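Work through these exercises with the model open beside you. Try each task before reading its solution.

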Amino acid sequence: MRIVLLGPPGSGKGTQAALLNKALGVPHISTGDLLRAAVAAGTSLGRQAKAAMDAGELVSDELMLGLIEERMGADDVAAGYILDGYPRNLAQARALDDVLGRIEMPVDNALSLVVDEEQIVARLAKRSEEEGRSDDAEQVVRNRLEVYREQTAPVIGYYEEKGLLKAVDGVGSIETINQRLRSALG
Ligand code: AMP
């Protein structure tokens, strides 16, 4: 199973990727989690990424490519992967294809969680209260959604053209959505 999980911030990608990881036994690779860990650990990557993350902007493609190349080179990826949060723009989608081509592990499913923007804003406001993630603050959320619309949404078309896209309704209970994703995977 070589999966890319797509969808706006707050669409439930992280939650669903964790469930798919349990069910399928392939690693869940979240670039957001990797970056937050790097920031918490105060690594060079973390120091370089922090300002963009705090502003709800994308971290540079160059830094992200280094991170993804390193992670995709780890042994556990032999089993497959569930990518969550990468690629975030068309340049990253093309770079990812290069990396995956080199290791002969191309994407075989792009799952897109579809949730309308009103729901997203409500969910992120709730997550901000519950988890206190600084980039869930209202102004930063607005920016993340704009970045999503302008830069990330075109990635859906990229996988659609390749015939890999499966759009899944992302509204409902966590379990219901998980069932939909698993039936989309076949
Ligand atoms: P996430 O947890 O996926 O919402 O990511 C949190 C933040 O990390 C994003 O708002 C970006 O600042 C940064 N980030 C995560 N993945 C990427 C990526 N593929 N490209 C650029 N920035 C990213």
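**Exercise 1. Strand partners**

Which residue in S5 does Leu111 stand opposite?

Solution. This is a predicted model.
Step 1. Find strand S4, residues 109-114, and strand S5, residues 165-169.
Step 2. Check how they pair. S4 and S5 pair in the parallel sense, over five bridges.
Step 3. Read off the partner. Leu111 stands opposite Lys166 in S5.
Step 4. Now take strand S1, residues 2-6, which runs parallel to S4 and is joined to S4 by four bridges. Here Leu6 stands opposite Ser112.

**Exercise 2. Build the sheet**

Work out the order of the strands in the sheet.

Solution.
Step 1. Recall the general rule: strands of a sheet pair through backbone hydrogen bonds, either parallel or antiparallel.
Step 2. Add strand S3, residues 81-84. S1 and S3 pair in the parallel sense over four bridges. Two pairs of residues show the match: Leu5 stands opposite Asp84, and Ile3 has Ile82 as its bridge partner.
Step 3. Put the strands in a row. The order is S2-S3-S1-S4-S5, in an open sheet of five strands with parallel pairing.
Step 4. Name the edges. They are strand S2 (28-30) and S5, and each pairs on one side only.
Step 5. Look at the twist. Neighbouring strands are turned by 25° against each other on average, direction ignored.

**Exercise 3. Place two helices against the sheet**

Which strands does helix H1 touch?

Solution.
Step 1. Locate helix H1, residues 13-24.
Step 2. List its contacts. H1 packs on the sheet and touches S1, S2, S3 and S4.
Step 3. Compare directions. The direction of H1 makes about 175° with that of S3.
Step 4. Turn to helix H2, residues 31-41. H2 lies across S2 and S3 and runs at about 60° to S2.

**Exercise 4. Covered or open?**

Decide whether S1, S4, Val107, Glu104 and Gly46 are buried or exposed.

Solution.
Step 1. Set the cut-offs. Buried means under 20% relative accessible area, and exposed means over 50%.
Step 2. Take the strands. Four of the five residues of S1 are buried, so S1 is largely enclosed by the rest of the structure. S4 is mostly covered too: five of its six residues are buried.
Step 3. Take Val107, in the loop between helix H5 (90-102) and S4. Val107 counts as buried because its relative accessibility is 10%.
Step 4. Look around Val107. Leaving aside neighbours within four places in sequence, Val107 is in contact with Arg2, Val4, Tyr81, Leu100, Tyr159 and Leu164. Val107 and Ile82 are 25 residues apart in sequence, yet 9.5 Å apart in space, C-alpha to C-alpha.
Step 5. Take Glu104, which also sits in the loop between H5 and S4. Glu104 counts as exposed because its relative accessibility is 66%.
Step 6. Take Gly46, in helix H3, residues 44-55. Its relative accessible area is 3%, so Gly46 is buried. Beyond its neighbours within four places in sequence, Gly46 is in contact with Ala38 and Val39. Gly46 and Arg36 are ten residues apart in sequence and 7.4 Å apart in space, C-alpha to C-alpha.

**Exercise 5. Unusual backbone angles**

Which peptide bond is cis, and what is the phi of Glu104?

Solution.
Step 1. Start from the general pattern. Most residues other than glycine have a negative phi, and most peptide bonds are trans.
Step 2. Find the cis bond. It joins Tyr86 and Pro87, with omega at about 0°. Pro87 lies in the loop between S3 and H5.
Step 3. Check Glu104. Its phi is near 55°, a positive value in a residue other than glycine.

**Exercise 6. The largest pocket**

Describe the lining of the largest pocket.

Solution.
Step 1. Start with the space inside: about 1100 Å³.
Step 2. Count the lining. It has 47 residues, and Pro9, Gly10, Arg127, Arg133 and Arg144 lie nearest the centre.
Step 3. Trace the sources. S1, H1, S2, H2, helix H6 (117-131), helix H7 (138-161) and helix H8 (174-185) each supply at least two lining residues. The largest share, six residues, comes from H6.
Step 4. Sort by type. The lining divides into 16 nonpolar, 17 polar and 14 charged residues.

Conventions: Residues numbered from 1 in each chain as written. Predicted model: local features only at pLDDT ≥ 70, side-chain atom pairs only at ≥ 80, totals over all residues. Heavy atoms only, no water. Buried < 20%, exposed > 50% of the residue type's maximum accessible area, 1.4 Å probe, protein only. Pairing = 2+ DSSP bridges. Axes fitted to C-alpha atoms, helices over the stretch in contact; angles between N-to-C directions. Contact = heavy atoms within 4.5 Å. 1 Å grid on protein atoms, 1.4 Å probe; cavity = no way out; pocket = protein on both sides within 12 Å on 5 of 7 lines; lining within 4 Å. Points joined across faces, edges and corners; volume = space filled by probe spheres on them. Nonpolar A, V, L, I, M, F, W, Y, C, P; charged D, E, K, R; others polar.
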